[in-house]
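Hi there,

I'm passing on the structure we talked about, and my notes on how its helices and strands are arranged follow below. Please have a look when you get a moment.

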Amino acid sequence: MQTLTGELARSALDAAPDALIIIDGDGIIRFANRHASVLFGYAHEELVGNRVERLIPERFRARHVGQRESYSAAPRLRAMGAGLVLFARRRDGTEFPVEISLSPVTAERPLVAAAIRDVTERRRVEAELTAAQEAANRANHAKSRFLATASHDLRQPLQTLALLNGALRRMVTGGDAAEVLAQQEHAVATMSRLLNTLLDISKLESGAVKPELRDFRVATVLEAISRGFHAVAQSKGLDLVVEPSEESLHSDPALVEQILKNLVSNAVKYTLHGRVVVRCRGEDAALRIEVLDTGVGIPAAQLAYIYDEFYQVGVPANSSRDGYGLGLSIVQRLVKLLGARLEAMSEVGKGSVFAVLLPLARSAVRDAEPGEARAPAAAVTGGVRVLLVEDDASVRDATAMLLRVEGYRVTAVASLADALQTVAQAEPELLVTDYHLGNGELGTEVITALRERVRPGLKAILLTGDTSAVIKEMDADSDLRILSKPVNAEELLRLLQALLGG
């Protein structure tokens, strides 16, 4: 019976999934299962009776003797893979990474059971994952560099085209040339929207957009939506209803506004008659902002795909498109970034409802102090001196041409040093500057330096493709207007007039 028990025990140990050896206090192998012979390449009789150090690379053997003796003095259970990087040596001299668990064995003399596992494949996978992560990090850095370049360099040619178009439209008053310029203006605007949208998606994917959460009144966002889409809806014969709300939210107001603009834009685009409604409803500790339309609706089978890039409901591939099918993709990314919730319901022929659920404000938000109403600016530009600071020669020339055609007296320079030299001869009444200038100079530095040199309240326009927190914080400057590139000629001129009348 004793022999049968021993044979059963050996059979069980041979069937173990890991190599198993038992070592005495002198480091002699007293038992090795079949998997140990296979793993190390030794016959059973070559293992049993020999020192365990023969299974260890030579460079570790002397150290291992001391470690083994230390363990024998205070034996304890040590789980496999206890954070150590260990290597074993086969009979043919090749080395491989292992995990080893140790367990004291109760017997007449001190014994230790060692379970040994080959982790070569796992280490290979880990190395591949590490390499993949490093490659992904490099790709993200490359994407960030691309975005920085694209935000400036890709916008510059469009900026030049838009400004030249604006100048030419003031020189040409009728005929076929005016029609050509109108078509050109439409093409430039279309290119600008696509570029901005693609850059928005890239920034969201790369993590370049960081939400700046704060408490704010939702009414400020709703008012911006109403102003921005009233004329568009009216041109299609639609009623745009933006219901007022006294609630306040805790989120990023700029990103919330971008979400709602995309939703309302989609609603207007897909609604042929009827109305588009924006309304707010309280829901527990959140505010549910809904955009409803009486449009074409979305088939149930297509609802799962509406957030995919370039997907448009009912638009066949390679056909003429009104838009790019990117708005809802951006909405979904922004909602996820804000930790909000997005819901969509639709019925073909009856319309759709998109809802965003956002957290309510954490404290009461006070209304802004009412200011004095300002009279509309008179269109007086003759004789007004404008200093233009732009390092890109083509954009500088196009902007200067537009302003001169409009009647401004323009001095155009490329750097802060040139600007300071210019104001020493004649002080400008208005400053227009790009944000990213040559040699690392910033438009904000130009504004600060000229206000110190000329006067503290020098009115300025900052042209930028940057969306950083530094730019957003400058919105509080009442003598400054920030205009995003590519700049529309009409909008630039309106801002100049607004500053003159302020």
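Strand 13 (residues 385–389) pairs with strand 14 (residues 409–413) in the parallel sense, over 5 bridges. If you want a place to look, V386 stands opposite V410 in strand 14. Together with helix 10 (residues 393–406), strands 13 and 14 make a right-handed β-α-β unit. Please keep in mind that this is a predicted model.

Next, the sheet towards the start of the numbering. Here 5 strands form an open sheet in the order 2-1-5-4-3, with antiparallel pairing. Its edge strands are strand 2 (29–32) and strand 3 (86–89), each of which pairs on one side only. On average, neighbouring strands of this sheet are turned by 40° against each other, direction ignored. Within the sheet, strand 1 (residues 19–24) and strand 5 (residues 111–118) pair in the antiparallel sense over 6 bridges, and I22 stands opposite A113 in strand 5. Helix 4 (residues 58–73) lies across strand 3, strand 4 (95–105) and strand 5, and runs at about 15° to strand 4.

Now to the helix packing, where helix 8 has two partners to look at.

Helix 7 (residues 218–235) packs with helix 8 (residues 253–269) at an angle of about 25°, their axes being 10 Å apart. Angles under 35 degrees count as roughly parallel, so helix 7 is roughly parallel to helix 8. The crossing of helix 7 past helix 8 is right-handed. On the helix 7 side the contact is made by V221, A224, I225, F229, V232 and A233; the helix 8 residues include P253, L260, V264 and V268, along with E257 and K261. By type, the residues of this contact divide into 11 nonpolar, 1 polar and 2 charged.

What about helix 8 and helix 9 (residues 327–338): at what angle do they pack? The angle is about 150°, with the axes 9 Å apart, and the two helices are therefore roughly antiparallel to each other. Helix 8 passes helix 9 in a left-handed crossing. Helix 8 contributes L255, V256, Q258, I259, N262, L263 and N266 to the contact, while the helix 9 residues include L328, I330, V331 and L334. The contact of helix 8 with helix 9 divides into 11 nonpolar and 4 polar residues, with no charged ones.

Happy to talk any of this through.

Best wishes

Definitions and conventions. Residues numbered from 1 in each chain as written. Predicted model: local features only at pLDDT ≥ 70, side-chain atom pairs only at ≥ 80, totals over all residues. Heavy atoms only, no water. Axes fitted to C-alpha atoms, helices over the stretch in contact; angles between N-to-C directions. Helix = DSSP H or I, 4+ residues; strand = E, 2+ residues; numbered from the N terminus. Parallel < 35°, antiparallel > 145°, perpendicular 65-115°, else oblique. Left-handed = near helix turned anticlockwise from the far one by under 90°. Contact = heavy atoms within 4.5 Å. Nonpolar A, V, L, I, M, F, W, Y, C, P; charged D, E, K, R; others polar. Pairing = 2+ DSSP bridges. Right-handed = clockwise from strand over helix to strand, strands pointing away.
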